[in-house]
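Please open the structure in a viewer and keep the selection tool at hand. The tour below proceeds from one selection to the next.

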Amino acid sequence: MNTITKYSASSMLIHWAMALIILSMLFLGLSMVQSLAVWQVEAIQLHKSFGVLALILVTIRLINKVLYKSPALPPSVPKPQALAAHLTQVGLYASMILMPISGWLMQSADERTVSFFGLFTLPNLVSKNIEVYAFFREAHGLIAYAFLLFIFMHVSAALYHGLIKQDGVLGSMLPGKHK
Amino acid sequence: MSKKITLMAIITLFALTILYFTGAFNRDVVTAQRFVNLQQGDNAHEGFRRAHAKGICLAGSFESTGELAKYSQAKVFDLGATPFVGRFSIAGNNPTAPDLKAPVRSLAFSITSNDNQEWRVAMNTPPVMAVATPDAFFKQLQALSPDPVTKKRNPEKIKAFFAAHPESAAFNDWKASYTPTNSFATEQYHSINAFYLVDKNDEKHAVRWIAKPQLSDENIQPLNNDSPDALQLQLKDQVAQSSVKFDMLFSFATEEDDENNPTVLWSQSRKTINAGTLVISRLQAQEGGVCENMNFDPLVLPTGIEPSADPILRARGAAYAESFRRRAKEVLLTN
């Protein structure tokens, strides 16, 4: 039986850092594909750079997840809710991995470069191909919407536990003492 | 009870934030999607560009004079030749439109220097824009669009638009004096928007450029005015005879010029440098051709060339991307 009640400090740090980056990236992404404003050019550069950062962070996060045990949900959580929580988590991890990779592939397929804040440039993964571009461009957009849905469910459930149930589930991802 | 209300309030706010960013509440804002909707009209030609749908692919070599190298780090301006691929096209969303009816002709190309940096260029026959912002450009296209009922342009609407936009004076002057030539090879094509050349000391130089034809209508193959593909056929005859050349002339802005305003012509007396010659030696039909699946987004630039803050230039990337996304999806789903 898993008896730890809190996530490790490294897990918390990476969770909250990625939460900030991912929400900013999703909102920026949705805005910049619609906007005709002058900031659009720089927005794409930032989006690509932070996308590379997100890919690096999710790699570290997966390693961290293997190294440090995660607390289990309290036994008071009904089975269907626990299953929903598990599926949402799978969706969140899948989105975290697929978002940057589909972005990188769509850029490669239109022979566009992905630079990390001007420090280095990612290699092109595929040669120029409009159908490959179309597949990953559409995937990038669809996964973004799925990602937002998973985040919405995740945030709603966390707040439900924190405000209504007060069963320590929200507190397990917060620094300091919480019940 | 109050905790339940707090929970509901936060969740609702979060949901509304997400909806806001999806664009659910900005129906009146001119977005890339609305722009391309307007360009494609009621019956989109699937798999084709939403603007400048009809064109012909080309390939050749850019023979740089090396004279621009001290103003830009871009390797393409070093002395020597670099191959490029490109496209001549006509304005409009119809891939089978008659060549000679189009009001605007274009030359686009993509050139990759030996350090693997790509420069995409999209030039048109007008030297300036009629308006300076994407919103005004959207209204211009709306005013020029045929009435959905009568299928005809409304001259009153067009007149009212230009009267409300005095900044269109230079564009209208050009339009009044412009006579289409008898060949893609004898038109002069303009960058329209300004860019910065960035030199080795990271100094920026605001420039516009033109592709100036070496041929003129007096010394070209005849044009068959009866063919809907008149320009393409003429060009094939022309290239079969000899390569088609354009000089790439870069004009440098002075203190008097606003590089962010694409509606104003720069004086002819501006310092001009001949960067080199575009030598077009091969043509290829668009269908299955090298240019078919390219997106000539003028914001794909090598190190050494940067976009100005011109709002029209900066809107081009998102609009081109939306057009490219739509046709790419159609190509994927129909193959």
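Begin by selecting B:Ser2, which is exposed, having 7 other C-beta atoms within 10 Å. Throughout, a residue is called buried if 20 or more other C-beta atoms lie within 10 Å of its own, exposed if 12 or fewer, and partly exposed in between, with C-beta atoms placed from the backbone. The model is predicted: local features need pLDDT of at least 70, side-chain atom pairs count only at pLDDT 80 or more, and totals for chains, interfaces and linings use all residues. Residues are numbered from 1 along each chain as its sequence is written, and chains are lettered from A and ligands numbered from 1 in the order in which they are written.

B:Ser2 belongs to helix H1 of chain B. Helices (H or I, at least four residues) and strands (E, at least two) are DSSP runs, numbered from the N terminus. Now add B:Asn193 to the selection: 191 residues separate B:Ser2 from B:Asn193 along the chain, and their C-alpha atoms are separated by 57 Å.

**Chain B as a whole**

Select chain B in full. Its secondary structure comprises seven helices and 10 strands. Along the principal axes, the C-alpha atoms of chain B fill a box of roughly 85 × 55 × 45 Å. The radius of gyration of chain B is 22 Å, which agrees with the value near 20 Å for a compact globule of 335 residues. That radius is taken over C-alpha atoms, and the globule rule is 2.2 Å times the number of residues to the power 0.38. Of the 335 residues in chain B, 42% are buried.

Colour chain B by domain next. The domain assignment gives domain 1 (1-26) and domain 2 (31-334); such bounds come from an automatic or database domain assignment. The centres of domain 1 of chain B and domain 2 of chain B, taken over C-alpha atoms, are separated by 44 Å.

**Three stops in chain B**

Which residues does B:Val198 touch, not counting residues up to four places away in sequence? They are B:Ser72, B:Gln73, B:Lys204, B:Gly304 and B:Glu306. Two residues are in contact if their C-beta atoms, placed from the backbone, lie within 7 Å. B:Val198 lies in strand E6 of chain B and counts as buried, with 20 C-beta neighbours inside 10 Å. B:Gln73 is 125 residues from B:Val198 along the chain, yet their C-alpha atoms are separated by 6.2 Å.

Proceed to B:Asp202, in the loop between strand E6 (195-198) and strand E7 (204-213) of chain B. B:Asp202 has 7 C-beta neighbours inside 10 Å and therefore counts as exposed. Phi of B:Asp202 is near 60°, a positive value in a residue other than glycine. Most residues other than glycine have a negative phi.

Then select B:Val244, in strand E8 (residues 244-252) of chain B. B:Val244 is buried, with 24 other C-beta atoms within 10 Å. Neighbours within four places in sequence aside, B:Val244 is in contact with B:Ala185, B:Leu215, B:Gln238, B:Val239 and B:Ile280. B:Pro213 lies 31 residues from B:Val244 in sequence and 8.1 Å from it in space, C-alpha to C-alpha.

**Where the chains meet**

Display both chains together. To the contact, chain B contributes 37 residues and chain A contributes 28 residues. On the side of chain B that touches chain A, helix H1 (2-22), helix H2 (32-40) and helix H7 (311-334) of chain B each supply at least two residues.

**Chain A**

Hide chain B and turn to chain A, which has four helices and two strands. From the N terminus on, the elements of chain A run α-α-α-β-β-α. The C-alpha atoms of chain A fill a box of roughly 50 × 30 × 30 Å along the principal axes, and buried residues make up 30% of the 179 residues in chain A.

Select helix H3 (residues 79-109) of chain A: its end C-alpha atoms are 44 Å apart, in agreement with the 45 Å that its 31 residues should span at 1.5 Å a residue. The expected span is 1.5 Å times one less than the number of residues. Where does the kink of about 25° lie in H3(A)? Look at A:Leu98, shortly before the proline A:Pro100. The bend at a residue is the angle between axes fitted to the seven residues ending there and the seven starting there.

Finish at A:Glu111, in the loop between H3 and strand E1 (115-116) of chain A. A:Glu111 has a positive phi of about 55° although it is not a glycine. A:Glu111 is buried, with 20 other C-beta atoms within 10 Å.
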